[in-house]
Every structure is written in structure tokens, then in C-alpha cells.
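Biologist: I would like to learn how to read contacts between charged side chains, and then how to read a strand. Could you take me through both?

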Amino acid sequence: FHRSATGYQLTMDGESLRERVLVLDAVRMELEQWLSAPENRTVVRISAGTWTSKFLIKHITELHEPDDKFGIVFVSTEQRLNIAQREIDIGLRNSRPEETNLAVRRIGEVAYARYAADNLVLDENTSNQWSWVVIDPECTTTRSARWMVEHHLTQAALRCTSPHTLFDLVQAGAGVTVLPCFVGDRTKNLKRVGPIIDELTEQQWLVMHSDTRHQEAVRTVLDRLGSLIEEHADLYRGDCP
């Protein structure tokens, strides 16, 4: 450490040691999970945001089969977990990572649009008066949530702190919100109210560690994830409302 009047700061050697310890800690956690799993069963940890997790869970039988010799752990979070330090095995992300020790696979394009409950009467000529449901500004972590705060906060009749609550409120007819088309277009009591929001369209990537991607379980899940999303590419692009 460097010692100063304001406290301690890591030296270059200290920073290097810290990075090595973090990697060792990640390996320790992975070993603990392996040892605590039933019959030392291999698990594949998948990290995805709330909306993607909803989609994957609806198609779980396409991702995991009864006779698979591995389990799947879903880590549903809007935060970007550290794959390089092996906090997870596979991440679904909306931007290409810059780390050099990661492997990536582009799997498609995600479109977003405005949605409301089927029974909510909306006059398109007075869209500037629609009531909106948004994520509270202090809790926004995604581009779509920030876009709503930027463009529609003054119209927000209701705010919430989680995507799950936002989804429930919109289904209950509380107002308009923005959802990815692969969620909104497949929710029975929701309707699209307006065109695709082009500025929110983004690419989606499968991200994995360069070392673990060759493990049989990880490779199997990667192939299934890629096939599932590519099979529903038109839904992701918003082509089938």
C-alpha cells in the first residue's frame, strides 16, 4: 500500500495481487457450488435481464432436458456480472464486451415498442396526455428505462422500482410503458400502441469465458440458447405483433 494523510492506496503490485485474488475467489465459489450440488452435478449459470429471463423460462424445455447430466442456474439481474472472474458461465448482453478473455456470439436484434393493456382506451391524437408507468429514475439500469424517464417522466402516473412490478401494473391497465417486442407481443392482454422505437433497437450477444465455453455442459446450453433465439428472430425484431 501507499500510505498518505488521507488513507491507504494500492500500489501497482497491490492491484495485481487484488486481481489474482479475485480470480482465485471466483474459482473457490465455483468449486463450492460444484461440491454442494446433488451428486456433484455440474451447473451452468446463465445471467440475463428480467425480460430475457421471462422468455427463457417460458422455453425451459428447449434449454434443459430431463436426462441432461447438468443443471441450470438462472441469475436474473439487470447488473452486468463478471464473466472473466467466472461469476457466471453465460451472459446474454445487449452490447459486445471489450474484455479480451471472453468469447462472443451475436444472436440477433431486439426491438422495443410501447404497450398497454387491451382494455385501456387510448386516443392516438392525444398521446402526449397518456398516463405512463415507468421505473423510478433512481432505479433505472437499462436503456429502455432511461428512455422512458427522459421522454415521459412528466406523464408518469405511477413509478416503480422493478421491471416485475412495472409489468404487473401495465397488465392491470395502469398506463403505457415500453417493453421488448419479444415480451409485449406475446403477452395476451397487452397491445402495441405505436411503432417500434428505432433508437432503442439493439443487438444481443451470447458472452462466455474463453476457457469454459468448451466444457460439454456449457457448449450444449450455448447451442440451445442460440437456436432458441434464432428460431424466434422475427419476434425479437418485432415483426410479428
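Modeller: Keep in mind that this model is predicted. Let's start with one residue. R192 has a relative accessible area of 24%, so it is partly exposed.

Biologist: What does the side chain of R192 meet in a salt bridge?

Modeller: The partner is D185, at 2.5 Å from N to O.

Biologist: Is D185 buried or exposed?

Modeller: The cut-off for buried is under 20% relative accessible area. D185 has 12%, so it is buried. R192, at 24%, is partly exposed.

Biologist: How many salt bridges are there by this rule?

Modeller: Eight. The rule asks for a side-chain nitrogen of Lys or Arg within 4 Å of a carboxyl oxygen of Asp or Glu. Take E230 and R105 as another case. Their closest N and O atoms are 3.3 Å apart.

Biologist: Where in the chain do E230 and R105 lie?

Modeller: In distant parts. E230 belongs to helix α7, residues 216-231. R105 belongs to strand β6, residues 102-110. The two are 125 residues apart, and the pair links these parts.

Biologist: What is the relative accessible area of E230, and what is that of R105?

Modeller: E230 has 41%. R105 has 30%. Partly exposed lies between the buried limit of 20% and the exposed limit of 50%. So E230 is partly exposed, and R105 is partly exposed too.

Biologist: Which residue forms a salt bridge with R237?

Modeller: D239 does, with 2.9 Å from N to O. D239 is partly exposed at 48% relative accessibility. R237 also counts as partly exposed, at 34%.

Biologist: Which residues are joined into one network by salt bridges that share partners?

Modeller: E65, D68 and R224.

Biologist: Now the strand. Why is strand β7 described as largely enclosed by the rest of the structure?

Modeller: Count its buried residues. Strand β7 covers residues 112-117, and six of the six are buried, so the rest of the structure largely encloses it.

Biologist: How many bridges pair β7 with strand β10?

Modeller: Four, in the antiparallel sense. Strand β10 is residues 177-180. One bridge to read is A113, whose partner in β10 is L179.

Biologist: And how many bridges join β7 to strand β11?

Modeller: Three, and these strands also run antiparallel. Strand β11 is residues 190-192.

Biologist: Which residue of β11 stands opposite Y115?

Modeller: R192. That brings us back to our starting residue, whose side chain meets D185 in a salt bridge.

Key
Residues are numbered from 1 along each chain as its sequence is written. This is a predicted model: local features need pLDDT of at least 70, side-chain atom pairs count only at pLDDT 80 or more; totals for chains, interfaces and linings use all residues. Side-chain values use heavy atoms; hydrogens and water are left out. Buried means under 20% relative accessible area, exposed over 50%, partly exposed in between (1.4 Å probe, protein chains only). Two strands pair if DSSP finds at least two bridges between them.
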